[in-house]
Amino acid sequence: MKELVIISGKGGTGKTSIVAAFASLAKNKVLCDADVDAADLHLVTGPRIRETHDFQGGSTAIINQDKCTECGLCRDLCRWDAINSDFEVDAFECEGCGVCVYFCPEKAIDFPVKTCGQWFRSDTRFGPMIHARLGIAEENSGKLVTLVRQKARTLAEESGLDLLLTDGPPGVGCPVIASIGGASALLIVTEPTVSGSHDMERVAQLAAHFKVPAMVCVNKFDLNPDKTKTIEAYAAQK
């Protein structure tokens, strides 16, 4: 089984459009939308959801008001200022570090694993697709990317399909690293602009670090022919 991951150094280069174009042409494939922070491949493919599953990752502190003596230690220790004067935890501010849970003398703080989003198995006009939706301001997108890719690979194996087309996230952070490990090849979609070429070079360096073969596609290449030639020269050099 081969996996082609389409990524970009910056957002807005047309990465998802390229994935959809490939999806309309390729055969015997599974689609995978690993851009879980801002998933949008479903806007093009119009999926019919067959399965919905919760994704859990990380924890958020919850203060049990019946046990809390309002000693203030948790507020003093919380470097995120996530605990207000009423000793209630702001879920958006809480980073889930667990310091308050560990040091609370009354053991009045619960630390349950939270549901961060959902992942889906769907049918589309281009074939089966695995995709996900991360909740607002939720963390662990790298873990969800890994989960989505694993489920897509399992689906391809069960269906006897030999190609994964993965729409990866932009940038060079944790979600991107999670999306390229073990891939057969990467297609870096860029644009002929200063920021486009700069960010393309950064993600190309990331691909080289993980020893994943990479190719470059210059979307809207005729916007700036001189910059396109510069990008082509860089790709040839590498």
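Two strands are counted as a pair if DSSP finds at least two bridges between them. With that in mind, the predicted model can be explored from its sheet outwards. Strand S2 (residues 29-33) and strand S7 (residues 127-134) meet this condition, pairing in the parallel sense over two bridges. One residue to look for here is Cys32, whose bridge partner in S7 is Ile130.

This pair belongs to a wider arrangement: S2 and S7 sit in an open sheet of eight strands, ordered S3-S6-S7-S2-S8-S1-S9-S10, with mixed pairing. At the edges stand strand S3 (48-59) and strand S10 (214-218); each has a single partner strand, so one side of each is left without a neighbour in the sheet. From one strand to the next, the twist averages 20°.

Helix H7 (residues 194-209) packs on the sheet, where it touches strand S1 (2-8), strand S9 (185-190) and S10. The direction of H7 makes about 170° with that of S9.

Helix H8 comes next. Its 13 residues (225-237) reach 18 Å from the first C-alpha to the last, close to the 18 Å expected at 1.5 Å a residue. The buried residues of H8 are Thr228, Ile231 and Tyr234. Viewed down the axis of H8, these residues fall within an arc of 120°, so they line one face of the helix. The cover over them includes S9, H7 and S10. On the face turned away from this buried side, H8 carries the exposed residues Asp226, Lys229, Ala236 and Gln237.

Key:
Residues are numbered from 1 along each chain as its sequence is written. This is a predicted model: local features need pLDDT of at least 70, side-chain atom pairs count only at pLDDT 80 or more; totals for chains, interfaces and linings use all residues. Side-chain values use heavy atoms; hydrogens and water are left out. Helices (H or I, at least four residues) and strands (E, at least two) are DSSP runs, numbered from the N terminus. Axes are lines fitted to C-alpha atoms, for helices over the stretch in contact, and angles run from 0 to 180 degrees between N-to-C directions. Contact means heavy atoms within 4.5 Å. The expected span of a helix is 1.5 Å times one less than its number of residues. Buried means under 20% relative accessible area, exposed over 50%, partly exposed in between (1.4 Å probe, protein chains only). The arc is that of the directions from the helix axis to the C-beta atoms.
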